[in-house]
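Would you like to get to know a structure by working through it step by step? Take a look at the sequence and the model, then try each exercise before reading its solution.

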Amino acid sequence: MDIVLFGPPGAGKGTQAARLAEHLGVPSIATGDVLRQAVRQGTKRGLEAKAAMDRGELVPDAVILGIMKEALAEPRAARGSILDGVVRTIPQAAGLEEVLLDLGRTVDAVLVFDVPEEELVRRLSGRATCEVCQTPYTGLPPGSPCPKNDGGRLVRRQDDDPAAVRTRLEVFRRQTAPVLDWYRDNDTKVVRIDAVGSPDDVTERALGAIG
Ligand code: AMP
């Protein structure tokens, strides 16, 4: 089963991706996590992506398609995937469909996370993320040890500063939101869930929506 998690930054896609992956026994794939790791490791891909990421803009589709292809070809993804933040433009949606088609699969559902904009800004501006496991926390200050005790410290993502947050929300409205029409035209199942509430409640709604 391949599920696309779709929604603006701060909607809780990362948190729910981990939970859904565990429930469904498939890996979660997050292009943002792969890119941040590439930046930390100073690879060619990381160097190409860093400036756009710091500004809150999208990295080029070709880079994202390369990541998608590699991640979906891994044996652990043989039975499906939870795709977190992977599809942000129409060329990416079309490219993903081709990659999956080669594997004899298709996107089974697009799960749309609904969160009001004021709530997104509140979440992103109070967010600190573990430098090791990438789990985001709201309400814990940067510098705190990760509650998962993995040796990581919480850091403020560079693109969670107010200017980058504004850009990311604008990019979502302009470049990413139209992707939903592409999926509807492609007859892909698109389901919306209310993504405000406790993580457990949202997981339950997500599982219910996927069916
Ligand atoms: P995220 O962790 O999903 O919020 O992604 C962080 C940043 O990585 C984004 O603001 C983009 O700069 C970049 N990024 C991640 N996924 C994509 C994607 N599918 N297309 C373009 N840029 C992406």
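The exercises below concern a predicted model, and each comes with a worked solution.

**Exercise 1. Find the residues that touch the most other members of the largest nonpolar core, and the elements that supply this core.**

Step 1. Start with the membership: the largest nonpolar core has 28 residues. Those touching the most other members are V4, L35, V59, V87, L96, V110 and Y183.

Step 2. Now look at where the core residues come from. At least two are supplied by each of β1 (2–6), α3 (44–55), α4 (61–73), α5 (90–102), β4 (109–114) and α8 (179–185). The largest share, six residues, belongs to α4.

Step 3. Zoom in on one member, V59. Setting aside residues up to four places away in sequence, V59 touches L35, A49, A52, M53 and I64.

Step 4. Finally, look beyond this core. Another core of 23 residues lies apart from it, and includes A17, V115, V191 and A209.

**Exercise 2. Work out how helix α2 is oriented relative to α4, and which residues meet there.**

Step 1. Two packed helices are described by the angle between their axes and the distance between the axes.

Step 2. For α2 (residues 31–41) and α4, the angle is about 100° and the axes are 10 Å apart.

Step 3. Angles of 65 to 115 degrees count as roughly perpendicular, so α2 is roughly perpendicular to α4.

Step 4. On the α2 side, the contact involves T31, V34 and L35, which meet V63, I64 and I67 of α4. Sorted by class, this contact has five nonpolar residues, one polar residue and no charged ones.

**Exercise 3. Do the same for helices α6 and α7, and add the handedness of their crossing.**

Step 1. Helix α6 spans residues 117–125 and helix α7 spans residues 162–176; they pack at about 140°, with 11 Å between their axes.

Step 2. An angle counts as roughly antiparallel only over 145 degrees, and as roughly perpendicular only from 65 to 115. The two helices, α6 and α7, are therefore oblique to each other.

Step 3. The crossing of α6 past α7 is right-handed.

Step 4. E117, L120, V121 and L124 from α6 meet V165, R168, L169 and R173 from α7. By class, the contact holds five nonpolar, no polar and three charged residues.

**Exercise 4. Decide whether G46 is buried or exposed, and describe its surroundings.**

Step 1. Locate the residue: G46 sits in helix α3.

Step 2. Buried means under 20% relative accessible area. G46 has a relative accessibility of 1%, so it counts as buried.

Step 3. Look for contacts, leaving aside neighbours within four places in sequence: G46 is in contact with A38 and V39. Its C-alpha atom is 9.0 Å from that of V34, and these two residues are 12 apart along the chain.

**Exercise 5. Describe the phi values and settings of N149 and D187.**

Step 1. N149 is not a glycine, although its phi is positive, at about 55°. D187, also a residue other than glycine, has a positive phi near 60°.

Step 2. Place each residue. N149 is in the loop between β6 (136–138) and β7 (154–155), while D187 is in the loop between α8 and β8 (190–194).

Step 3. Exposed means over 50% relative accessible area. N149, at 70%, is therefore exposed, and D187, at 71%, is exposed too.

Note on methods. Residues are numbered from 1 along each chain as its sequence is written. This is a predicted model: local features need pLDDT of at least 70, side-chain atom pairs count only at pLDDT 80 or more; totals for chains, interfaces and linings use all residues. Side-chain values use heavy atoms; hydrogens and water are left out. A nonpolar core is a set of buried Ala, Val, Leu, Ile, Met, Phe, Trp, Tyr and Cys residues joined through side-chain atoms within 4.5 Å. Buried means under 20% relative accessible area, exposed over 50%, partly exposed in between (1.4 Å probe, protein chains only). Helices (H or I, at least four residues) and strands (E, at least two) are DSSP runs, numbered from the N terminus. Contact means heavy atoms within 4.5 Å. Axes are lines fitted to C-alpha atoms, for helices over the stretch in contact, and angles run from 0 to 180 degrees between N-to-C directions. Angles under 35 degrees count as roughly parallel, over 145 as roughly antiparallel, 65 to 115 as roughly perpendicular and the rest as oblique. Ala, Val, Leu, Ile, Met, Phe, Trp, Tyr, Cys and Pro count as nonpolar, Asp, Glu, Lys and Arg as charged, and the others, Gly among them, as polar. A crossing is left-handed if the near helix is turned anticlockwise from the far one by less than a right angle, and right-handed if clockwise.
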